[in-house]
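Work through the exercises below with the sequence and the model in view. Each task is followed by its solution.

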Amino acid sequence: MQTDYHIYRNKQDIGKRIRYLHSEEPLSIALLVNDFESEILDSISYYSTYFDVPLFVLLFEDNRKLAELRLQFPSVSFIVFTQPASMGAAINVMANECFTTYFWVTRSDIRVESFDFDMVLEQFNRSERPSQISPILSNRFDERLPVVHLPKVDRNFIDPVPLIPSEKSTGTLYPFFGLGIYERALFQRLRGFDESISTEYWQILDFGIRCWLFGYSIFTLDSFHMKFPYRQFIIENRSEQDGFKRCLTKALGMRQLNGKNYPKTIGRYTDRTYLKKEMAKRLALYKMDFNELMNQWKAPKTEID
């Protein structure tokens, strides 16, 4: 799906593109703008000051402010969408444009409490083949949020169970709010976020499930801690919006018997167009079905156990 955007690279970034042919920088940051007026200036200043890596600000077109921002932050690159873009579409563009081994997705209403990139890299290099490392999150009162999610199905509807993590490294079904660090090459090999799914939660859930069923993993890491400094309640919108049947069909519309994969309908939640036209092309990518994922899942220890 085509997403229309303009990219305004800083001068240093333009020069680096030639050097990327021979060497690749390890990390860049994608800053998603949530509230243009009240948060963008402080947020750009914060991330550009405290993190010495390429910073990309992703925002919807607003010509009145863009010229000022480019003058005020010459070291920052801006990816500007001509029409409102979904979270998944924006991150897909970031993956195409950042030219770094890993990219870190954050938001303008979030700050970093602790970050150890060496620990993140160590987790990426472990045998679980992680595709993404998610942060521990807390609210304005320093209360940890239930960002670890366990797979659960109820009558062909996926309803992940949220838990508060307490282990150093904990597997989670999907990256909460899409936040965290992605391995760019693997993200693209997995085809990123599905832009045919229109809403953020279902895009993220689809990506996470796809990672696990295709043989990869997602972990939270307690040495990677971020905070919503102005918000107490952080709630996902899990309502059944456009594309949710596509997500459920991709997750549950395959069963594995004796090592072979077969498509199947899932009742009223079946996206029949996807099942008929696309599922067969992707059957070979599945290493397990969702039932096996649930059976193999090891529930983490939590602060409420």
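**Exercise 1: Methionine 254**

Methionine 254 lies in strand S15, residues 254–257; strands (E, at least two residues) and helices (H or I, at least four) are DSSP runs numbered from the N terminus. The model is predicted: local features need pLDDT of at least 70, side-chain atom pairs count only at pLDDT 80 or more, and totals for chains, interfaces and linings use all residues. Residues are numbered from 1 along each chain as its sequence is written, and side-chain values use heavy atoms, with hydrogens and water left out.

Task: decide whether methionine 254 is buried or exposed, then find what it is in contact with beyond its neighbours within four places in sequence.

Solution. Step one: buried means under 20% relative accessible area, exposed over 50%, and partly exposed in between (1.4 Å probe, protein chains only). Methionine 254 has 2% relative accessibility, so it counts as buried. Step two: contact means heavy atoms within 4.5 Å. Beyond those neighbours, the contacts of methionine 254 include Asn261, Tyr262, Leu283 and Met288. Step three: methionine 288 is 34 residues away in sequence, yet the C-alpha atoms of the two methionines are 8.9 Å apart.

**Exercise 2: Helix H7**

Task: compare the expected span of H7 with the distance between its end C-alpha atoms, and state how H4 packs against H7.

Solution. Step one: the expected span is 1.5 Å times one less than the number of residues. For the 14 residues of H7 (200–213) this gives 20 Å, and the end C-alpha atoms are 20 Å apart, which agrees. Step two: 13 of the 14 residues are buried, so H7 is largely enclosed by the rest of the structure. Step three: H4 (residues 87–97) and H7 pack at about 55°, with axes 8 Å apart. H4 is therefore oblique to H7. On H4 the contact is made by Met87, Gly88 and Ala89, and on H7 by Glu200, Gln203 and Ile204.

**Exercise 3: Two positive phi values**

Task: for phenylalanine 177 and asparagine 258, give phi, place and burial.

Solution. Step one: phenylalanine 177, a residue other than glycine, has a positive phi near 60°. Phenylalanine 177 sits in the loop between strands S12 (169–171) and S13 (180–183), and is buried at 7% relative accessible area. Step two: asparagine 258 has a positive phi near 55°. Its loop joins S15 and strand S16 (260–263). At 83% relative accessibility, asparagine 258 is exposed.

How values were computed. Axes fitted to C-alpha atoms, helices over the stretch in contact; angles between N-to-C directions. Parallel < 35°, antiparallel > 145°, perpendicular 65-115°, else oblique.
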